[in-house]
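Student: I am new to this structure and would be grateful for a close look at a single part of it. Please choose one place where charged side chains meet, and then explain how the surroundings of that place are arranged.

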Amino acid sequence: MSDDNDEEIGFDAAIPDSLLPYDSWIEDAYRTVMLRALELVGREGLPEGHHFYITYLTNWPGVELPARLRAQYLHEITIVLQHQFWDLKVDEASRTVSVGLSFGGVGSTLVIPIDAITAFADPHIRLALRFTPPELASEDEEPDGAEAPDAAPADTEARAEESSSQVVSLAAFRKKGPSQG
């Protein structure tokens with residue numbers, strides 16, 4: 001095809017700015033793909049080989065996270081849904097995802113507003129999605145309901161170097177739920 005042919009079918013060489021929010025629509029569609037995957041896994045479990053990495057902003061309003069983890073992961077955390085999680089639910093009415101995970105042998109339920117999620121990946125099929133969170137009034141504000149941090153536990157997660165994003169590996173925790181110790 002030649003450039004002349006492009007002009008014949010309505011394409012200009014220079015692409016003008018769009019007056020339609022295609023980028024936003026595409027991101028919404030990708031979020032829908034992520035939510036469908038989470039809903040399916042919440043109902044039926046993970047198919048063999050699949051596992052999810054979910055990165056989200058810990059300082060986003062509405063995030064529910066144990067105080068000791070909030071103190072360790074001030075801005076962002078990546079969780080892994082693979083072997084040890086329970087009660088994975090998507091609540092479209094409240095626009096949240098909730099999941100039970102064990103951190104240092106202590107079971108916790110995380111509540112994650114959908115808008116706080118910045119990345120979703122399924123490495124088994126090399127799927128990686130990035131999301132831009134909507135603007136907040138001020139990124140430096142503490143979210144509602146922020147609690148004082150717990151005393152730092154002596155496990156390896158607490159000794160981990162603080163960074164804006166760390167992966168919390170759950171491979172060491174082989175229990176099925178929060179009540180088994």
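**A charged pair and its surroundings**

Tutor: Glu27 has a relative accessibility of 19% and therefore counts as buried, the limit for that class being under 20%. The model is a predicted one, and the description below should be read accordingly. Glu27 forms a salt bridge with Arg31, and the closest N and O atoms of the two lie 3.7 Å apart. Both residues belong to helix α2, where they are four residues apart, so about one helical turn separates them. Arg31 is also classed as buried, because its relative accessible area is 7%. In general, side chains of opposite charge can pair when their charged atoms come close.

The contacts of Arg31 lead away from the helix. If neighbours within four places in sequence are set aside, Arg31 touches Ile114, Asp115, Ile117, Phe131, Thr132 and Pro133. One of these, Asp115, takes part in a salt bridge with Arg95, with a distance of 3.1 Å from N to O. This second pair links distant parts of the chain, since Arg95 lies in the loop between β3 and β4, while Asp115 lies in the loop between β5 and β6, 20 residues apart. Arg95 is partly exposed at a relative accessible area of 39%, and Asp115 is partly exposed at 24%. The structure holds two salt bridges.

The strands next to these loops deserve attention as well. Three strands form an open sheet in the order β3-β4-β5, and their pairing is antiparallel. Strands β3 (85–91) and β5 (106–113) stand at the edges with a single partner each, so one side of each has no neighbour in the sheet. From one strand to the next, the twist averages 20 degrees. The antiparallel pairing of β4 (residues 96–103) with β5 runs over eight bridges, and Thr96 has Pro113 in β5 as its bridge partner. Helix α2 (residues 22–44), which carries the charged pair Glu27 and Arg31, packs on this sheet and touches β3 and β4, its direction making about 135 degrees with that of β3.

The helix and the sheet also share a nonpolar interior. The largest nonpolar core comprises 31 residues, and those with the most contacts inside it are Leu38, Tyr56, Ile79, Leu81 and Leu110. Two or more residues come from each of α2, β1 (52–57), β2 (76–81), β3, β4, β5 and β6 (117–122). In soluble globular proteins, nonpolar side chains tend to be buried together. Tyr56 serves as an example: apart from neighbours within four places in sequence, its contacts include Ile79, Leu110, Ile112 and Ile117. Ile117 is also among the residues that Arg31 touches.

One further place completes the picture, in the loop between α1 (3–8) and α2, where Ser18 is found. The side chain of Ser18 reaches the backbone oxygen of Leu20 at 2.8 Å. Ser18 counts as partly exposed, because its relative accessibility is 44%.

Terms used:
Residues are numbered from 1 along each chain as its sequence is written. This is a predicted model: local features need pLDDT of at least 70, side-chain atom pairs count only at pLDDT 80 or more; totals for chains, interfaces and linings use all residues. Side-chain values use heavy atoms; hydrogens and water are left out. Two strands pair if DSSP finds at least two bridges between them. Axes are lines fitted to C-alpha atoms, for helices over the stretch in contact, and angles run from 0 to 180 degrees between N-to-C directions. Contact means heavy atoms within 4.5 Å. A nonpolar core is a set of buried Ala, Val, Leu, Ile, Met, Phe, Trp, Tyr and Cys residues joined through side-chain atoms within 4.5 Å. Buried means under 20% relative accessible area, exposed over 50%, partly exposed in between (1.4 Å probe, protein chains only). A salt bridge is a side-chain nitrogen of Lys or Arg within 4 Å of a carboxyl oxygen of Asp or Glu. A polar contact is a pair of N or O atoms within 3.5 Å; within protein, one must be able to donate a hydrogen and the other to accept it, and residues adjacent in sequence count only if both atoms are side-chain atoms.
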